[in-house]
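Colleague: Got a minute to walk me through this one? I'm new to it.

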Amino acid sequence: MTILCVRFQLPAMDEAALPVLLGLLKEFTPVVQALPPDGALADLRGAVRYFGRDAVELAALIRVRALAHHGVDCAIGAGPGPMLARMALRQAAPGAVRVMPEDPEAVREFLSGLPVRALPGVGGVTARTLCEYGLDTVGKVAAAPPSTVQRLVGARAGRELRERANGIDRGRVAPNAASNSLAAERSFPRDELDPGRHRRALLSAAEELGVRLRARNQVCRTLTLTVRYADRSSTTRSRTLAEPTAHSAALTAEAYRGYEALGLQRARVRVLALRAEGLGSAEHAAHQLTFDPVDEKIRRIEEVADRARAKFGPRAVMPGPLAA
């Protein structure tokens, strides 16, 4: 086990917290890949030799240092590759280290009973297609003829999907820094099943991101939605915007589309979070001209509302559903 996937249990989506914690991981290895908003991959192949400890011992040391130096606990998954480390992390309890078995046969046995959606890279559309043909678990995909899987999802995607289902992990940790991004998080005091409340939380988060982006004279290219459930598991989906924007209405519409695409039915949600990524200067961003007077009117109202918030506080102007 040489790859760790770490998820820090941050109290809030603080943009400054993750880079600091990445620095902690870099005390053990320079090969660290940020997974915003609260995670990272670390390749410990060199560290195992240097420190004379195995990856599980180093994972325990990382957790102790995160708690002692930063007051942040973490869950850690360990595996021979990034994909398997991520899947081990999904099975890890808060504050624990979950290790993927090394034996290939044991890995296949571990994966076989999981739903096909558990495989990285399998989204809602692909999962529905596979389930329609009875391939609803990872084990069934692994046992299916390669030609069948390729016919359903495409040649290259089918080949890669079958490899992952058989526990073959060809991924690598790509060193990077925490991405330049802004985040807004909305927590519920208890398990929330009401889609209406979910949408209001997304509206509030998108409004906050829009105001912060415009205050910095920036736009974002990607919007990432994270849903955390009552069992502490989470789902994260990223969507590339049609054009870079800081327009609250556009961010809200994209957040709604991402939420609807998840197809949540009576999900017990505890936290909804939005992250604006791929930030750039608003002055250099391309913008599709429009002859729609309504769109232009909304943008002008938005400018006036920003000035009111700057003078009288963030709650001076807000959408009607939030005012209620």
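Modeller: Let's go through cysteines, then a helix pair, then one residue. This is a predicted model, where local features need pLDDT of at least 70, side-chain atom pairs count only at pLDDT 80 or more, and totals for chains, interfaces and linings use all residues. Residues are numbered from 1 along each chain as its sequence is written, and side-chain values use heavy atoms, with hydrogens and water left out.

Colleague: How many disulfides are there?

Modeller: The count is 0, taking a disulfide as a pair of cysteine sulfur atoms within 2.5 Å.

Colleague: Why does Cys-74 not bond to Cys-5?

Modeller: Because the sulfur of Cys-5, the closest cysteine sulfur to that of Cys-74, is 11 Å away, too far for a bond.

Colleague: And is Cys-74 buried or exposed?

Modeller: Cys-74 is buried, at 0% relative accessibility. Buried means under 20% relative accessible area, exposed over 50%, and partly exposed in between (1.4 Å probe, protein chains only). Cys-131 is partly exposed, at 39%.

Colleague: New topic: which residues of α1 meet α3?

Modeller: Val-20, Leu-21, Leu-24 and Leu-25 do, and on the α3 side they meet Ile-62, Arg-65, Ala-66 and His-70. Contact means heavy atoms within 4.5 Å, and helices are DSSP runs (H or I, at least four residues) numbered from the N terminus.

Colleague: Last one: where is Val-138?

Modeller: Val-138 lies in helix α7, residues 138-143, and is buried at 0% relative accessible area. Beyond its neighbours within four places in sequence, Val-138 has contacts including Leu-111, Pro-115 and Ala-165. Its C-alpha atom is 8.0 Å from that of Ala-118, 20 residues apart along the chain.

How values were computed. Helix = DSSP H or I, 4+ residues; strand = E, 2+ residues; numbered from the N terminus.
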